[in-house]
Amino acid sequence: MARMDETQQRLLGWANGQHSERLAAQVLLADGYKDLDPSHPYGGPDGGRDGVCTRDGNRWVMAVYFPRGQVTVKDVENKLRSDIEGALKHDPHGVVFVTNQEMTLSQRSALREVSTDVEIEIYHMERVATVLDQPAMHSVRKKYLHIDADKVPLAVTFSVTGEAHALTESDALREKLCEVEEGSIRQRARESRERKPPAWGLPSMLPNGIGGYAPDPGPTSEEDEDREVADMRDTARAKWPDALEFLEARSFSGVQFRVANSESAFLTRVRVTAKFHNAYGLEPMKTDGDFFRKVLDPDYVAPAAFGFSRSIDVSAVGMRFKNNPVHFNHHDGDLEVTIDLDSLRPPPDRGFTSRADEVIVIGRKPGAPVHVTWFVTAETYGTPQHGEPFELPTHTEDATRVFVRTLEQATRGDN
């Protein structure tokens, strides 16, 4: 059994008598129930109900059971059956049963099946504690559990705008590119064998880059031609993972991050850490004139004028700002994004919003959304704030279609 925190311990050791109904009412109101009307929170005949409320337009009866200490599952079941019997007199849609008892998943499931006449919702000890531990509930914890709030708790919001991406049929794209490149290799080989030496007896010179020339190496034998084709295909297979990342970085849009402070505290040295499970991240890149060849071989560097190679591949230079607070890396198949902020002001300040094309998220499972978990730390706060997990939709496309579209953009100079 996991060690209980202070909220859980005080719930289980409840000693505040009928205040339990008032606490239960606060929990349900914070969790989306409305129009809550307690019956007799300080005792007295309640007509088979501790309170009534509504949710999604339906009428619910609130039933509360806060014994002191852990009791048997049978005791809890007997109390619930008694509460349902009383609630049925009022023809509700359901009974929401709030208790301070610790319960396993199987026990909760069994309790939901004790009656088929009404829907049953169980607020067990851990679920109640989760609601009470929300930053906005610190005054309720203070009033009913006597837990002091030393400072305004962390209440940071984090959201992601955009979507993840994924490619399918990538091997088919590689084969098509290899077929095109093989045609070029064999065409050059045939031309070399058909070329006639210059009439003046000097070595033939062929163009090599812009304004540069190199000696004609002479005719290519069929054996050398086949060897060059085989080498090209081996290189393409070996470098294909990098080639796909090159294509993704130049074809897909990134996501945007937003961080805001919801409480009155002025926060300093704030770090948001978000994990995108079964995904990896890429920095958005611009396409260039060598796009086709570099998809086939990401290490290709185009020759410059007069036969000299470029020492720097400018197409691989990203667009990140020097002082960008957003950083990303990878751990065990997951993308981890960190956002480091010197400060985060309280409302009405709108917080931090990253650029619109920050990090390209690539899902490792095409068609499946990317699950995101996150937490926040800040200076002087010893306990992190763990946010609600969410999912980022994944847009899946055929690799050949993406390649053709991006090649057309590169040819037109759109980006």
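## A bridge to start with

Which residue of E16 is the bridge partner of Leu282? Ile360 is the one that takes that role. Keep in mind that this is a predicted model.

The bridge belongs to the pairing of strand E12 (residues 279-282) with E16, which is antiparallel and runs over 4 bridges. Strand E16 (residues 360-363) is covered on both faces. Ile360 and Ile362 lie on one side, Val361 and Gly363 on the other, and all four are buried.

## The three-stranded sheet

Now for an open sheet, with 3 strands in the order E6-E10-E15 and antiparallel pairing. Its edges are strand E6 (156-161) and strand E15 (352-353); each has a single partner strand, so one side of each has no neighbour in the sheet.

Strand E10 (residues 256-261) pairs with E15 in the antiparallel sense, over 2 bridges. Looking for a residue to pick out there? Try Arg258, whose bridge partner in E15 is Thr353. As a general reminder, strands of a sheet pair through backbone hydrogen bonds, in either a parallel or an antiparallel way.

## Two helix pairs

Two packed helices are described by the angle and the distance between their axes. Take helix H7 (residues 170-194) and helix H10 (residues 399-412): their axes come within 7 Å and cross at roughly 50 degrees. H7 and H10 are therefore oblique to each other. On the H7 side, the contact is made by Ser170, Ala172, Leu173, Lys176 and Leu177, while H10 brings in Ala399, Thr400 and Phe403. Sorted by character, the residues of this contact come out as 5 nonpolar, 2 polar and 1 charged.

Then there's helix H2 (residues 19-30) with helix H6 (residues 138-145), where the axes come within 11 Å and cross at roughly 170 degrees. Angles over 145 degrees count as roughly antiparallel, so that's how H2 runs relative to H6. H2 makes the contact through His19, Arg22, Leu23 and Gln26, and H6 through Val140, Tyr144 and Leu145. Here the split is 4 nonpolar, 2 polar and 1 charged.

## A buried aspartate

Is Asp83 buried or exposed? With a relative accessible area of 13%, Asp83 is buried, because the cut-off for buried is under 20%. You'll find Asp83 in helix H3 (residues 73-87).

Asp83 also has a side-chain partner: a polar contact of 2.7 Å links the side chain of Asp83 to that of Lys79.

How values were computed: Residues are numbered from 1 along each chain as its sequence is written. This is a predicted model: local features need pLDDT of at least 70, side-chain atom pairs count only at pLDDT 80 or more; totals for chains, interfaces and linings use all residues. Side-chain values use heavy atoms; hydrogens and water are left out. Two strands pair if DSSP finds at least two bridges between them. Axes are lines fitted to C-alpha atoms, for helices over the stretch in contact, and angles run from 0 to 180 degrees between N-to-C directions. Angles under 35 degrees count as roughly parallel, over 145 as roughly antiparallel, 65 to 115 as roughly perpendicular and the rest as oblique. Contact means heavy atoms within 4.5 Å. Ala, Val, Leu, Ile, Met, Phe, Trp, Tyr, Cys and Pro count as nonpolar, Asp, Glu, Lys and Arg as charged, and the others, Gly among them, as polar. Buried means under 20% relative accessible area, exposed over 50%, partly exposed in between (1.4 Å probe, protein chains only). A polar contact is a pair of N or O atoms within 3.5 Å; within protein, one must be able to donate a hydrogen and the other to accept it, and residues adjacent in sequence count only if both atoms are side-chain atoms.
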